[in-house]
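Trainee: I'm new to this one, and I'd like a close look at a single part: the helix packing. Could you walk me through it, starting with the cysteines so I know what ties the chain together or doesn't?

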Amino acid sequence: MNRTKTETEMNVETAVMSYKQIADGQNEINRLKGIIAGLRPWESMDLPLQTKETKYSVVILGTVNIKTKFEELLQAVLGKAPSAVVQQVSADVQQIYISIICLKEERDQAFEALREFAFNPVSFTEHYGPPREVMKQYETQIEEIQQGINEKEALLAELSGAKKQIEFLYDSLSMHRDRAKIVGNMLSTEMVFYFDGWMPKKAQPEVEALLKEFEFYYEINEPESDEEIPVCLQNGGFSTPFEAVTNMYSLPSRHDIDPTKILAPFYFIFFGLMLSDAAYGIIITVACWILLKKFKLEGMTYRMIKMFSFCGISTFFWGVIFGGWFGDFFTVAGKTLFNVDFVIKPIWFDPLSEPMKLLIFSLILGGIHLFVGMGIRAYMYIKEGHPLDALLDIGLWYILLIGLVLFGLGSSVGPAMVTVGKGMSIVGAAGILLTGGRSKKGILGKVTGGLGSLYGITSYLSDVLSYSRLLALGLATGVVAKVINTLGSLAGGGLKGAIVLLIAFVVGTIFNIAINALGAFVHSCRLQYVEFFGKFYTGGGRPFVPFERKTKYIKILK
């Protein structure tokens with residue numbers, strides 16, 4: 001069935017054809033320019049390019065290397081072909097362009113002489129007329145083609161007013177295509193069709209109301225215990241942007257819990273602690289805010305930028321706590337340029353002066369992070385109906401680890417804490433030793449299983465030590481900034497010193513933010529993926545991808 005094309009569809013066809021003609025024209029112009037470039041060395045030659053021979057003579061054109069001595073070539077050719085007329089037409093940085101006219105019977109002797117000089121013959125069989133005239137013809141063709149391109153570009157400029165309608169048509173056709181694919185996958189007869197699919201549990205009332213409204217026969221069932229279920233993350237507010245971290249690792253399986261809400265505050269703290277410069281935090285937050293306002297970002301990109309804007313706030317917070325403002329730039333600038341002692345004091349302490357305090361704080365944060373991960377594992381055991389496993393596999397480790405901390409550090413609180421810690425350590429270790437191999441067969445298997453479980457304390461120690469990277473990267477940012485500021489101050493005061501200091505400051509700041517923000521991002525992810533997820537998370541889920549109106553240009557609000 002034929003139908004009349006709409007004005008927008010005709011505009012699309014015109015635009016597509018114009019783009020094709022412009023592209024073809026540009027390709028042809030490039031081809032002709034290449035030919036002209038190849039003819040330019042022969043421009044001074046009056047001989048028509050199509051001329052290869054006359055009744056008695058032959059024309060030979062070609063090139064030799066620029067290092068070739070023309071006089072030697074001339075003598076060699078004349079020695080073999082005395083009738084030859086040898087001319088150097090032109091030369092460039094690589095080659096010498098030569099024309100030779102000789103009698104037909106001396107052609108072989110001429111080529112024999114030229115062979116010693118690595119002569120490369122050139123042919124112009126597709127061109128007619130002297131080089132200069134041929135070049136003018138091609139230049140005229142280029143002007144005509146360019147004029148046609150300009151006309152098509154002007155036509156496209158006129159069509160720019162219909163851009164919104166064209167974008168709307170594109171999205172409309174895309175939605176119709178997607179709908180046709182879905183319908184094509186349904187089982188259907190002349191009168192009925194059948195399909196099945198997944199829906200979020202919270203959408204069930206709305207879906208049921210819609211099915212009843214159109215009088216569908218439907219059945220809603222809970223998934224089987226071994227059935228693979230698509231995953232739809234549902235977080236709100238602060239934690240939603242941190243879904244990017246979860247997605248980069250793996251979506252939760254049906255037996256996992258969504259870790260996003262729990263990892264979000266830790267990631268927020270860790271990133272800021274690793275970068276820990278108030279000025280850098282302001283720059284990151286403002287840059288992310290500008291990107292979010294200027295560009296219509298969606299999906300994973302939107303979440304990542306939003307997450308970094310939050311991480312910039314964390315960086316600002318820890319920078320204020322530790323007194324980092326472009327490192328010590330204001331102190332260096334005040335002393336170098338104005339001979340004034342100006343120091344921005346930290347609210348808590350300076351990590352460069354007291355690194356051990358930051359190390360202890362980092363390990364405490366790490367311990368809390370690990371304990372939360374272990375607590376999630378215990379919760380999952382209980383939820384699955386295994387409370388005893390939660391007590392024996394997690395609770396005993398809590399007792400042992402807390403006991404060891406009290407035994408080692410409790411003396412700073414009171415002697416009683418050491419005694420309590422000692423008792424907890426013994427109870428925890430004995431419990432793990434006796435129950436760690438309960439799933440093994442035989443007495444020997446249970447004993448070795450218990451010993452193996454108790455040996456796992458080394459992994460907890462290494463996990464806690466991994467959080468020392470919070471100290472390492474936090475110090476790295478400050479040290480690099482301090483080195484950059486010191487180098488910038490080496491030129492001294494005055495105008496020259498101010499210029500050098502400013503250049504070093506700008507270049508160094510860009511470098512420091514780039515390298516250490518990348519490090520904070522990567523290592524914050526690592527602490528989540530290896531140390532935290534390792535305690536409870538399996539992953540491997542597949543995403544829930546509902547049928548929806550996917551558009552490229554038009555945003556559908558409702």
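**Cysteines first, then the helices**

Mentor: Sure, let's start with the cysteines: there are zero disulfides in this structure. Take Cys525, which is in no disulfide; its nearest cysteine sulfur belongs to Cys311 and sits 9.1 Å away. A disulfide needs the two sulfur atoms within 2.5 Å, so that pair doesn't qualify. Keep in mind as we go that this is a predicted model. Cys525 has a relative accessible area of 5%, so it is buried. Cys102 is buried too, as its relative accessibility is 2%; the cut-off for buried is under 20%.

Now for the part you asked about. Look at helix α8, residues 260-275, and helix α12, residues 355-383: they pack with their axes 12 Å apart, at an angle of about 165°. That angle is why α8 counts as roughly antiparallel to α12, since the label applies over 145 degrees. The crossing of α8 past α12 is left-handed. If you want to find the contact on screen, pick out Ile262, Phe266, Ile269, Phe270 and Leu273 on the α8 side. Facing them from α12 are Leu358, Phe361, Ser362, Leu365, Ile368, His369, Val372 and Ile376. Sorted by class, the residues of this α8 and α12 contact are eleven nonpolar and two polar, with no charged ones.

Next, move along the chain to another pair, helix α14 (residues 415-435) and helix α15 (residues 442-455). Their axes come within 6 Å and cross at roughly 135°. With that angle, α14 is oblique to α15. Here Ala429, Ile432 and Leu433 of α14 meet Gly450, Leu451, Ser453 and Leu454 of α15. The class count for the contact of α14 with α15 is five nonpolar residues, two polar and no charged.

To finish, zoom in on one residue that belongs to a helix: Lys80, in helix α2, which covers residues 70-80. Its relative accessibility is 38%, so Lys80 counts as partly exposed. Setting aside neighbours within four places in sequence, Lys80 is in contact with Gln109, Glu112 and Ala113. Of those partners, try Glu112: Lys80 and Glu112 lie 32 residues apart in sequence, yet their C-alpha atoms are 7.9 Å apart in space.

Notes: Residues numbered from 1 in each chain as written. Predicted model: local features only at pLDDT ≥ 70, side-chain atom pairs only at ≥ 80, totals over all residues. Heavy atoms only, no water. Buried < 20%, exposed > 50% of the residue type's maximum accessible area, 1.4 Å probe, protein only. Axes fitted to C-alpha atoms, helices over the stretch in contact; angles between N-to-C directions. Helix = DSSP H or I, 4+ residues; strand = E, 2+ residues; numbered from the N terminus. Parallel < 35°, antiparallel > 145°, perpendicular 65-115°, else oblique. Left-handed = near helix turned anticlockwise from the far one by under 90°. Contact = heavy atoms within 4.5 Å. Nonpolar A, V, L, I, M, F, W, Y, C, P; charged D, E, K, R; others polar.
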